[in-house]
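Work through the two exercises below with the sequence and the coordinates at hand. Each task is followed by its solution in steps.

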Number of protein chains: 2
Amino acid sequence: MKFPKIPMAAINRLSIYIRALEELEEQGTKVISSERLAKQCGVNPAQIRKDLAYFGEFGVRGVGYRIEDLIREIKEILGLDRTWNIAMIGVGNLGSALIRHGNFIKHGYVFAAAFDIDPHKIGKRLPNGLVIHHIDDLEKVVKECDIHIGVIATPASAAQSVANQLIIAGVNGILNFAPAQIQVPECCHVENVDFTIKLDSIAYHLSTTGT
Amino acid sequence: MKFPKIPMAAINRLSIYIRALEELEEQGTKVISSERLAKQCGVNPAQIRKDLAYFGEFGVRGVGYRIEDLIREIKEILGLDRTWNIAMIGVGNLGSALIRHGNFIKHGYVFAAAFDIDPHKIGKRLPNGLVIHHIDDLEKVVKECDIHIGVIATPASAAQSVANQLIIAGVNGILNFAPAQIQVPECCHVENVDFTIKLDSIAYHLSTTGT
């Protein structure tokens, strides 16, 4: 589906709305006002209405949103009306922990392959059944397993060369946990995860409030 | 140090600037223009000048910023001119991997305590030398170890009660890896880490560009 250019901040908020809506649905709620959804998500109601207005008309004035419908519609907007096969590159402590983490599959992301360069790990089977491949087999395995997103959890020094290999293999989405800036061509979309940036926000808050 | 109300987005960008500046310093660079720093960080130069202007005057017109000075000044702004003792609550796969991850100590965050509720884990020593405490000893250990930030890596169902215990123990900064929204009083600052929100951005990009 094609939409006009949407700010990435709005796209990120859609992800947050969907998580709140799914929690409400699990609790048995069927309909919600933008006011209540806003409170749940920590934004203001006008923001929610504005974010959704990029994509069309949702909800009924004076009533609110039917949760089931809104979840389905936001999933369609984000491209989450399907599952995505993803690959882990770097099966160290963090990589293994992420593969086991239930949050990925819950949101439709399936670890379908894992790669490393350590000869002691190649060929070993992970608890979820995946066999660890050598990174040199990336291109072949990406095709076989229909991988669209690569998750990099290697040391910083290996991140750029792994990114290059992913792009050559036709993988245009990268989630980077390595503490390194990686350069990619325009066709590729990279998201960096650096926990310590969030800790810096906390440190700033604690310093300025003196708590 | 007290500054006027600064948007959190600006604070987050300061963290990104500092990481780029440290990388440049390691490479031996002494002075950098806002244009080159902007390129390195993926923002525009006016943004950098605006973000820094919240806190005073930096750099020399026509010359640029002295990297060593700018790092020191940003660290002072963010409250990073010191180390912060942090505690891990939940020593499962993800918690253990995070404790071992070199990125925390690199940025001045020191895991000074670890907690769990699993009787098989209590009293065990982690590879970095920390002994795992029972969560019931949180208040005592927080005081002994001068902990200011708690990192939650428990299952979602335990996250709120752990947050409550942290706040009672006087810990007002929380980095939450559990996939659950936690409610805290105003004095407390929470940052949530949900990798799957970043994957949603990637999925959106791949869906809309058809790659």
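The model is predicted.

**Exercise 1.** Decide whether D146(A) is buried or exposed, then do the same for D146(B).

Step 1. Count the neighbours: D146(A) has 10 other C-beta atoms within 10 Å.

Step 2. Apply the cut-off: a residue counts as exposed if 12 or fewer other C-beta atoms lie within 10 Å of its own. D146(A) is therefore exposed.

Step 3. Locate the residue: D146(A) sits in the loop between α7 (138-145) and β6 (149-152) of chain A.

Step 4. Check the backbone: the phi of D146(A) is positive, about 55°, although the residue is not a glycine.

Step 5. Turn to chain B. D146(B) has 10 other C-beta atoms within 10 Å and so is exposed. Its place is the loop between α7 (138-145) and β6 (149-152) of chain B. Phi of D146(B) is positive and near 55°, again in a residue other than glycine.

**Exercise 2.** Describe the side of chain A that touches chain B: which elements supply it, and what is its residue make-up?

Step 1. Establish the extent of the contact: 46 residues of chain A are in contact with 46 residues of chain B.

Step 2. List the elements of chain A that each supply at least two residues to this side: the helices α1 (8-26), α5 (93-100), α6 (102-106) and α9 (195-209), and the strands β7 (173-176) and β8 (189-192).

Step 3. Find the main contributor: α9(A) gives the most, with 14 residues.

Step 4. Sort the residues of this side by class: 23 are nonpolar, 18 polar and five charged.

Key: Residues are numbered from 1 along each chain as its sequence is written. Chains are lettered from A and ligands numbered from 1 in the order in which they are written. This is a predicted model: local features need pLDDT of at least 70, side-chain atom pairs count only at pLDDT 80 or more; totals for chains, interfaces and linings use all residues. Two residues are in contact if their C-beta atoms, placed from the backbone, lie within 7 Å. Helices (H or I, at least four residues) and strands (E, at least two) are DSSP runs, numbered from the N terminus. Ala, Val, Leu, Ile, Met, Phe, Trp, Tyr, Cys and Pro count as nonpolar, Asp, Glu, Lys and Arg as charged, and the others, Gly among them, as polar. A residue is buried if 20 or more other C-beta atoms lie within 10 Å of its own, exposed if 12 or fewer, and partly exposed in between; C-beta atoms are placed from the backbone.
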